[in-house]
Amino acid sequence: MGMYCLRARVNRRLRAIEASTSYYVDKLIVREQSMFSPLPTPPKHNEQVFVLHQEKCYSSDGFRKIAENVSVGQLSVTLSGSDRFHREMCNLIKNFDAETVNIEFLSHWMTSSLPMGAYLVELAAACTNLTMTRCENVLGPDVDMLYQTMMTGAANCKLRTFSMELGPLACTVFLGRNDIKCTDGQFSTWRRDIEVYQLIYYYERDDDEIAQKCITHIFEGNVEIVIDNEIFYGDFTGTFELKRHESIESVEAAKIKDDKVYLDISIAY
């Protein structure tokens with residue numbers, strides 16, 4: 001019953017989108033949650049929100065029609081299962097004409113069933129900015145596939161920025177595949193075409209104590225790797241980003257932004 005009601009609602013919503021916005025939506029949110037959870041805040045102007053209940057079954061047909069007909073400024077998708085509908089939705093995300101894509105997987109079974117490296121490369125050809133949340137099964141080689149795609153501009157790569165929470169093992173493996181070694185937060189490489197900068201700042205924690213945060217910026221060619229050094233301490237994840245700059249001038253400007261400190265890490269190992 002749920003899938004038929006959803007299809008009717010999606011079709012009505014699509015007709016409204018087409019009539020009012022000439023096939024463009026600023027923000028499209030697809031969120032799966034328990035039917036007992038609070039509803040999201042009401043949508044703003046030119047913003048469409050679809051709430052799916054975990055307790056019901058749905059069809060992806062309506063969303064396929066939206067993907068074929070509507071351009072989106074920001075697409076945010078939250079999925080909690082791993083059945084046929086969820087797999088179809090994962091594939092549909094790659095078909096949206098979206099500038100920014102935010103994906104959140106609430107179930108690790110979804111990411112464990114996806115070839116994540118190839119999936120990331122396909123998403124790189126579909127959007128300009130990509131953020132992924134709770135993707136615990138993304139491994140170092142998966143991130144490296146995306147990194148090499150951004151470096152070479154292969155596979156019609158549109159992606160400019162990528163962000164996710166990454167664990168210490170995946171980050172260390174990724175760096176190692178690019179000849180960068182990190183031991184206890186200390187970086188080293190034999191390669192002369194890699195430059196490393198760090199930014200250290202202080203902030204006030206919830207307990208009113210002053211804490212220090214260290215962010216490492218690694219530059220190779222026109223791609224910048226940004227790593228929260230908390231990744232390397234304990235078993236916690238930390239923010240990991242890739243940024244593809246459009247020009248050498250943009251790269252050089254990024255190196256000196258916010259008074260980063262250059263690190264001489266060119267040591268053979």
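**Figure 1. Helix α5 in this predicted model is largely enclosed by the rest of the structure.** Helix α5 spans residues 116-124. Seven of its nine residues are buried, so the helix is largely enclosed. Met-116, Gly-117 and Tyr-119 are among the buried residues of α5. Leu-120, Val-121, Leu-123 and Ala-124 are also buried.

**Figure 2. The whole protein: eight helices and 13 strands.** The protein has 269 residues, and buried residues make up 48% of them. About 13900 Å² is exposed. Carbon and sulfur atoms supply 51% of that area. Among contacts with a separation of 6 or more, 64% join residues 24 or more positions apart.

**Figure 3. An open sheet of eleven strands with mixed pairing.** The strand order is β2-β1-β3-β4-β5-β6-β12-β11-β10-β9-β13. Strands β2 (47-53) and β13 (261-263) stand at the edges. Each has a single partner strand, so one side of each is left without a neighbour in the sheet. From one strand to the next, the twist averages 15°. Strands of a sheet pair through backbone hydrogen bonds, and the pairing is either parallel or antiparallel.

**Figure 4. Strand β5 between its partners β4 and β6.** Strand β4 covers residues 97-105 and β5 covers residues 129-133. The two run parallel and are joined by five bridges. Thr-131 in β5 is the bridge partner of Asn-102. Thr-133 in β5 stands opposite Glu-104. On the β6 side, four bridges join the strands, and β5 and β6 also run parallel. There, Leu-130 stands opposite Phe-162 of β6.

**Figure 5. The two faces of β5, one covered and one uncovered.** In a regular strand the side chains alternate between the two faces of the sheet. Which residues of β5 lie on the covered face? They are Leu-130 and Met-132. The uncovered face carries Asn-129, Thr-131 and Thr-133. Two of these uncovered residues also appear in the β4 pairing: Thr-131 with Asn-102, and Thr-133 with Glu-104. Leu-130, on the covered face, is the residue opposite Phe-162.

**Figure 6. Helix α6 lies across four strands.** The helix is formed by residues 140-152. The strands it lies across are β6 (161-166), β10 (210-220), β11 (223-228) and β12 (238-244). Helix α6 runs at about 25° to β12. These four strands belong to the eleven-stranded sheet.

**Figure 7. Arg-191 and its two acidic partners, Asp-193 and Glu-220.** Arg-191 sits in the loop between β8 (186-188) and β9 (194-204). Is Arg-191 buried or exposed? At 11% relative accessibility, Arg-191 counts as buried. Its side chain makes a polar contact of 2.8 Å with that of Asp-193. A second polar contact, of 2.5 Å, joins the side chains of Arg-191 and Glu-220.

**Figure 8. Gly-185, a buried loop residue.** Gly-185 lies in the loop between β7 (181-183) and β8. Its relative accessible area is 6%. Beyond its neighbours within four places in sequence, Gly-185 is in contact with Gln-198, Asn-229 and Tyr-233. Glu-230 is 45 residues away from Gly-185 in sequence. In space, the C-alpha atoms of Gly-185 and Glu-230 are 8.7 Å apart.

**Figure 9. Cysteines without disulfides.** The count of disulfides is zero. Cys-157 is in no disulfide, and its nearest cysteine sulfur, that of Cys-127, is 9.1 Å away. Cys-157 is buried, with a relative accessible area of 11%. For Cys-182, the nearest cysteine sulfur is that of Cys-171, at 7.4 Å. A disulfide requires two cysteine sulfur atoms within 2.5 Å, so Cys-182 is in none. Cys-182 is also buried, at 14% relative accessible area.

**Figure 10. Asp-258 and Asp-259, two residues with positive phi.** Asp-258 is found in the loop between α8 (248-256) and β13. Its phi is about 65°, although Asp-258 is not a glycine. Asp-259 lies in the loop between α8 and β13. The phi of Asp-259 is about 60°, and this residue is not a glycine either. At 66% relative accessibility, Asp-259 counts as exposed. The strand after this loop, β13, stands at an edge of the sheet.

Technical notes
Residues numbered from 1 in each chain as written. Predicted model: local features only at pLDDT ≥ 70, side-chain atom pairs only at ≥ 80, totals over all residues. Heavy atoms only, no water. Buried < 20%, exposed > 50% of the residue type's maximum accessible area, 1.4 Å probe, protein only. Polar contact = N/O pair within 3.5 Å; in protein donor to acceptor, adjacent residues only side chain to side chain. Pairing = 2+ DSSP bridges. Axes fitted to C-alpha atoms, helices over the stretch in contact; angles between N-to-C directions. Contact = heavy atoms within 4.5 Å. Areas by Shrake-Rupley, 256 points an atom, 1.4 Å probe, with all protein chains shown as cover.
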